[in-house]
Amino acid sequence: MIFASAPMHLKTCSLLATLCIVPAAYAQGVVDIGSYGAKPGSGADATPAVRAALDACRQSRAAKLVFSAGQYDFWPTHASEKYLFVSNNDEGLKRIVFDLTGFNGLEIDGRGARFVFHRGVNPFLLDHARNITIRNLSLDWKRTFHSEAKIVAVGKDTVDLAISEAYPFKLENGLLIFTGEDKEVVAFQNVLEFDPVKRETAYMARDYRTGLNLQATEIGPRLVRVRIPKFEGTPGNILVFGASRRDFSAFTVTDSENFKLLSVNIYHCGGMGVIAQRSRDIELDQVRVTPSPGSGRVVSITADATHFVNCSGRIVMTNCLFENQKDDATNIHGIYAQVSAMLPDGELEVKLVHPQQRGFDFLAPGMKVELVHGPSMITYAEAVVRSAERRNSEYTRIRLTTPLPGALKIGDAVAAAGPYPEVVIRNCTIRGNRARGLLLGSRGKILIEDNTFHTAGAAILLEGDARYWFEQAGVRDLVIRRNRFEDCNYGVWGKAVIEVAAGIDSKERTGNGYNRNIVVEENLFRQFDTNPIVSAYCVDGLKVRKNRIEKSTAYPARNPGAKPFEISDSVNVQIEQD
């Protein structure tokens with residue numbers, strides 16, 4: 001590295017020495033990580049080599065950083081450090097291995113490498129980066145951020161568990177405490193039952209909130225009895241202890257553009273697989289979120305497979321596998337800030353309400369915004385921001401170029417009025433995960449085609465609200481075509497395969513077309529139950545046509561006599577039934 005405080009002649013020597021390490025590689029625009037001391041299979045910390053190689057890429061403007069096949073290990077000890085606000089994740093001071101801040105035009109090719117991370121570290125950060133491609137690699141952790149245990153027996157308010165050596169633990173003051181590589185606490189706050197044979201959440205299983213303190217006693221070697229009031233479980237199934245925070249996503253993309261993730265396996269991370277905010281033009285092809293082969297795990301990553309917030313351009317996901325993650329396959333939405341005060345000089349004070357949205361800057365001078373009535377979600381005005389002053393991570397003061405509308409009230413919401421991303425999700429498989437499949441909230445054109453869904457809850461959910469998650473949604477052009485929906489709704493996260501909803505007060509739903517122009521056509525629905533195929537309210541423009549429904553016996557039926565379509569408070573609805 002070059003240090004700013006070094007004398008000029010030392011800087012020059014340092015730079016020349018760096019450039020002379022691999023002159024042939026630089027001539028070809030390629031940097032080889034092996035030239036900086038990283039050797040696959042050595043078990044040594046490859047983080048210093050990565051930092052040196054990235055410095056060399058910056059200095060030489062190299063187009064490509066390459067690895068060799070094999071395992072590389074990374075610890076947080078020598079990683080870079082930044083305080084990050086990442087939407088729908090937990091803020092904090094983060095250690096980062098691949099810090100790609102400011103890069104323009106770099107490809108990282110793992111060539112089949114396996115990256116194994118240790119303890120609390122973020123693998124990749126793209127911040128104000130452009131034209132980045134990452135391909136041909138796998139990510140995993142030595143010690144996961146969740147824990148798993150086999151259910152041996154279930155008693156009244158108790159569960160007996162067998163815990164493998166993959167999940168170190170101790171009993172301290174009568175409490176079960178899972179530990180990591182260096183004996184640090186691996187905290188949990190909920191448990192969820194998985195079926196290890198079907199490799200999915202157990203039939204009708206629900207989350208049990210345990211908090212951080214779970215009472216336990218030892219009943220044998222690596223056998224413990226824990227107290228979980230009203231727990232219902234099945235011996236032989238796996239109890240998953242969910243991570244208490246979302247701190248360590250695999251790929252964090254912020255204020256960047258033209259990012260491609262190709263042929264990448266995400267076996268584990270302590271957050272989301274890919275989280276992108278205020279970014280545009282993102283492509284994922286052959287990205288696989290799945291438990292590490294041979295690990296015996298039933299869970300892959302601890303939150304959403306992918307998540308996109310206030311993005312634009314095009315979001316394209318093709319030929320991907322999203323399975324066994326602890327939350328949805330994707331969530332694409334904007335952010336609502338709540339109007340907290342109307343100041344005497346015509347300014348507005350707005351608040352980021354949800355804790356995992358704090359520090360999310362999206363209001364800027366020149367931005368067009370919509371003003372939304374909180375209970376109804378109806379947009380009653382649009383305006384342009386003249387000035388925006390961030391007061392702290394929660395509050396921002398804004399002044400509009402026009403007077404405040406008379407309808408504005410405390411508790412209303414403000415959101416960006418575009419641009420919205422065009423979304424294409426094609427030929428992907430989504431299965432075995434907790435909760436739902438696709439949460440779609442972009443007002444750009446959306447095409448969902450030729451995918452396979454097997455989800456515990458709704459396969460596709462349209463929502464949005466200004467009361468809890470504060471996620472801006474409301475689709476305007478959505479086509480769901482030629483997909484296979486295989487026995488969805490075997491869990492508790494939804495009542496229909498496709499749900500069109502929103503956080504709209506029940507008194508405000510008449511004539512409210514929050515979601516618009518939805519086409520559901522040429523899909524196959526295999527149904528073990530008579531739950532609705534489509535449940536929708538507050539829709540303007542819904543066409544359901546040329547779909548097939550097949551009967552299945554994969555699970556016990558629960559709702560005999562339910563109607564296949566449940567539509568209310570909607571207009572311009574056309575449903576064709578065979």
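## A barrel and two cavities

A closed barrel of six strands, paired in the antiparallel sense, follows the order E27-E28-E31-E30-E29-E32. On average, neighbouring strands of this sheet are turned by 45 degrees against each other, direction ignored; axes are lines fitted to C-alpha atoms, and angles run from 0 to 180 degrees between N-to-C directions. This is a predicted model, in which local features need pLDDT of at least 70, side-chain atom pairs count only at pLDDT 80 or more, and totals for chains, interfaces and linings use all residues. Residues are numbered from 1 along each chain as its sequence is written, and side-chain values use heavy atoms, with hydrogens and water left out.

Strands are DSSP runs (E, at least two residues) numbered from the N terminus, and two of them pair if DSSP finds at least two bridges between them. Strand E27 (residues 337-342) and strand E28 (residues 348-351) are joined by four antiparallel bridges. Valine 339 has valine 350 of E28 as its bridge partner.

The structure also holds two cavities of 30 Å³ or more. A cavity is a set of points on a 1 Å grid over the protein atoms alone where a 1.4 Å probe fits but cannot get out, and lining residues have an atom within 4 Å of a point. A volume is the space filled by probe spheres set on the points, which are joined across faces, edges and corners.

| Cavity | Volume | Lining residues include |
|---|---|---|
| Largest | about 80 Å³ | Asn331, Ile332, His333 |
| Second largest | about 40 Å³ | Val86, Asn89, Asp90 |

Strand E26 (330-335) and strand E35 (438-440) each supply at least two residues to the lining of the largest cavity; E26 gives the most, with three.

Technical notes: On a 1 Å grid over the protein atoms alone, a cavity is a set of points where a 1.4 Å probe fits but cannot get out, and a pocket is an open set with protein on both sides within 12 Å along at least five of seven lines; lining residues have an atom within 4 Å of a point.
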